[in-house]
Amino acid sequence: MCFFDQHRFACGDWKWGYFRQHCNREYRTGETCGMKLIMQTVPVSQKCKLCEKIETKLRRRSAEEDRINRWKREGGKFRASIDRSYDMIKSLDREISDLRNERTKKRLVV
C-alpha cells in the first residue's frame, strides 16, 4: 500500500504518477509493496494519448469524406481515388474501433 500521485486527464482517463511515500509493509529503499494508493490527484488539462489518437483518426476520416464528396461533385473522373478513399475510411474505422476498445478495457481493468 505505497502511495503514488494520480494524473487525471480532461477526458476522464488517468495514469499513475510519481511514487510519493512508502507504506509500513515495505522497509527496503527503492522497493514498493505492489499495492498502489493515491496520495493526491493531479488534474491535467489535456486529453490522454488514446483520446488524442482517436480524435486525430476521426479528423482524418472526416477529411476523406469531404474529399470523396468533392470528387463526386466534380464528376466521375476520380473513381480510383474515390475507391481508395473508401478503403482508407474502412481502415480508419477499424483503427478507431480498436482504440475505443482499448480505452474501454483500460477503464475496466481498475
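**Reading burial, contact and helix length**

In this predicted model, helix α1 has L50, C51, I54, K57, E64, I68 and W71 as its buried residues.

Trainee: What covers the buried residues of α1?

Mentor: The cover includes α2, residues 79-109. The relation also holds from the other side, for what covers the buried residues of α2 includes α1. Those buried residues of α2 are S81, I82, S85, I89, L92, I96 and L99.

Trainee: How do you know that the length of α1 agrees with that of a helix?

Mentor: One sets the expected span against the distance between the ends. At 1.5 Å a residue, the 26 residues of α1 should span 38 Å, and the end C-alpha atoms are 38 Å apart; therefore the two agree. Just after α1, G75 takes a positive phi of about 125°.

Trainee: What does the corresponding test give for α2?

Mentor: The 31 residues of α2 should span 45 Å at 1.5 Å a residue, and the end C-alpha atoms are 45 Å apart, so here too the values agree.

Trainee: Why is K53 called partly exposed?

Mentor: K53 lies in α1, residues 49-74. Partly exposed residues fall between the limits of 20% and 50%. The relative accessibility of K53 is 47%, and therefore K53 counts as partly exposed. As to its position relative to R100, the two are 47 residues apart in sequence and 10.0 Å apart in space, C-alpha to C-alpha.

Trainee: Why is D13 called buried?

Mentor: The cut-off for buried is under 20% relative accessible area. D13 has 3% relative accessibility, so it counts as buried. D13 is found in the loop between β1 (2-8) and β2 (14-21).

Trainee: What makes the pair D13 and R107 a polar contact?

Mentor: Their side chains are joined at 2.5 Å, and the distance limit for such a pair of N or O atoms is within 3.5 Å. Leaving out residues up to four places away in sequence, D13 touches H7, R8, C48, C51, R103 and R107. C51 is also among the buried residues of α1.

Trainee: Why is L37 called partly exposed?

Mentor: Its relative accessibility is 32%, which lies between 20% and 50%, and therefore L37 counts as partly exposed. L37 has its place in strand β3, residues 36-43.

Trainee: Which residues form a nonpolar patch on the surface with L37?

Mentor: The other members are M1 and M35, and together the three residues have about 240 Å² of accessible area. A patch residue needs over 30% relative accessible area, and L37, at 32%, meets that condition.

Notes: Residues are numbered from 1 along each chain as its sequence is written. This is a predicted model: local features need pLDDT of at least 70, side-chain atom pairs count only at pLDDT 80 or more; totals for chains, interfaces and linings use all residues. Side-chain values use heavy atoms; hydrogens and water are left out. Patches are made of residues with over 30% relative accessible area and no salt bridge: like charges are joined within 9 Å, nonpolar side chains (Val, Leu, Ile, Met, Phe, Trp, Tyr) within 5 Å. Accessible areas come from the Shrake-Rupley method with a 1.4 Å probe; for residues, only the protein chains shown count as cover. A salt bridge is a side-chain nitrogen of Lys or Arg within 4 Å of a carboxyl oxygen of Asp or Glu. Helices (H or I, at least four residues) and strands (E, at least two) are DSSP runs, numbered from the N terminus. Buried means under 20% relative accessible area, exposed over 50%, partly exposed in between (1.4 Å probe, protein chains only). The expected span of a helix is 1.5 Å times one less than its number of residues. Contact means heavy atoms within 4.5 Å. A polar contact is a pair of N or O atoms within 3.5 Å; within protein, one must be able to donate a hydrogen and the other to accept it, and residues adjacent in sequence count only if both atoms are side-chain atoms.
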